[in-house]
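Colleague: Hi! Could you walk me through this one?
Modeller: Sure, let's open it up and go through it together.

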Amino acid sequence: MKFATKAIHVGYDASEHGHAVMPPIYQTSAFAHEKLGEHLPFSYARTGTPTRAALEANLAALENAAHGLAFGSGMAAIDAVMRAVLKPGDEVVAQQDVYGGAYRLLTKVMTPAGVTVRFADLRDPSALAGLLSPKVKLLWLETPSNPLLSLVDVAALSAEAHRHQVTVAVDNTFATPYLQNPLDQGADIVVHSATKYLAGHSDVLLGLVAVNDPALYQAIRFIQSASGGVPGPQDCFLTLRGIKTLALRMERHCDNAERVAAWLVKQPGIEKVFYPGLPEHPGHALAARQMKRFGGIVTVYLKENTRDAAGRVAERLQLFALAESLGGVESLVNHSATMSHGAMPAELKQQLGVREGQLRLSIGIEDIDDILADLAQALAE
Ligand code: PLP
């Protein structure tokens, strides 16, 4: 079955739910037993509900995985993966330019819990070999990365990590399973902030994990149930509904972002455009190989590298909402230095190139003429 068909059909059998075409929202915390000790498919909503099970099976199909797991947010998903794989004394190697929330979790939660974290520039996969030791248990990747859209080679890094028995996790939020399937490229775990493109309408907070290995699945599922960072049935329903149009939306996001990136490189107020679809992007060849298309996020350096300049442009934009998130049908703009990456220390932001005069644009699926007109008026001198 092809992707767009799986997105609409897999994970839900209407004949088991009164023939309802859409998965019902099982708004219940518990399921009644008729006999003491009876085994039911669902017993208590923290361990599972039919609505959540439909979403978990659907995501597994989209990532070509054996198992899916749903969480109350992308961060709850990342937290569960790290707790399942790492114990005190272990080490994790993480790509240096990860989402600010993942950086905060690694440095402020995992480090005090006794895990050593090493951040590294992994754009050249040969950099990994020198960082691995028997203590390293997890390689944490995010590609394309938030907010500077750098690419890492999942196949090459996974092969090297596996030579040292290191588990590989990839945050696939920016690409979505429509554009990239990291498990097919050798990774062990895929994580999503489904809050973004998967749900797609800026109305849900939800995280997803996909894995093949049964032991990894059991370990993450144990944390899911033991810690209880699970989504409610309404949010599972909204995410399932969003996923039904993921293929259509991603094509339009990519069409629009390609046009926006090509237009922005010609604007006098713009110093640099980050978009994997541009031939000058250092990860362009890898993106062409690893991804189906180049995604819907475009990041820019303004010529005037100040917070004021970024604020002026962001506030002048009319269609683009100034918001923390991305991946919705509507265009959104984010000042990474103070918003998505506010948790990163200033020196690290400087080292990575996260600037004050920088904006991350999540290109929506509005008419491209209106998007370009809005950007033109906001950038006009
Ligand atoms: N991963 C990436 C790449 C993100 O951009 C985000 C949120 O912005 C997250 C994870 C965290 O997801 P959530 O906000 O759903 O907890």
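Colleague: Which atoms of glycine 74 lie 2.9 Å from an oxygen atom of the ligand, backbone or side chain?
Modeller: Backbone: an N or O atom of the glycine 74 main chain is 2.9 Å from a ligand oxygen. Keep in mind that this is a predicted model. Methionine 75 also has a backbone N or O atom 2.9 Å from an oxygen atom of the ligand.

Colleague: And what about the side chain of threonine 195, how far is its N or O atom from a ligand oxygen?
Modeller: That distance is 2.6 Å. As for cover, the ligand on its own has 390 Å² of accessible area, and the protein covers 92% of it.

Colleague: Nice! Which residues come nearest to the ligand?
Modeller: There are 13 residues around the ligand, and the nearest are Gly74, Asp171, Ser193, Thr195 and Lys196.

Colleague: What classes are in that shell?
Modeller: Six are polar, four nonpolar and three charged. Helix H3, residues 74–85, gives the most to the shell, with three residues.

Colleague: Which pocket does the ligand take up?
Modeller: The ligand takes the space of the second largest pocket.

Colleague: New topic: where is phenylalanine 42?
Modeller: Phenylalanine 42 is in the loop between helix H1 (3–9) and helix H2 (50–62).

Colleague: Why does phenylalanine 42 count as partly exposed?
Modeller: Because its relative accessible area is 23%, and partly exposed runs from 20% to 50%.

Colleague: How far is its C-alpha atom from that of phenylalanine 31?
Modeller: The two C-alpha atoms are separated by 6.4 Å, with the residues 11 apart along the chain.

Notes
Residues numbered from 1 in each chain as written. Predicted model: local features only at pLDDT ≥ 70, side-chain atom pairs only at ≥ 80, totals over all residues. Heavy atoms only, no water. Near = heavy atom within 4 Å. Polar contact = N/O pair within 3.5 Å; in protein donor to acceptor, adjacent residues only side chain to side chain. Areas by Shrake-Rupley, 256 points an atom, 1.4 Å probe, with all protein chains shown as cover. 1 Å grid on protein atoms, 1.4 Å probe; cavity = no way out; pocket = protein on both sides within 12 Å on 5 of 7 lines; lining within 4 Å. Sits in = over half its atoms within 2 Å of the grid points. Helix = DSSP H or I, 4+ residues; strand = E, 2+ residues; numbered from the N terminus. Nonpolar A, V, L, I, M, F, W, Y, C, P; charged D, E, K, R; others polar. Buried < 20%, exposed > 50% of the residue type's maximum accessible area, 1.4 Å probe, protein only.
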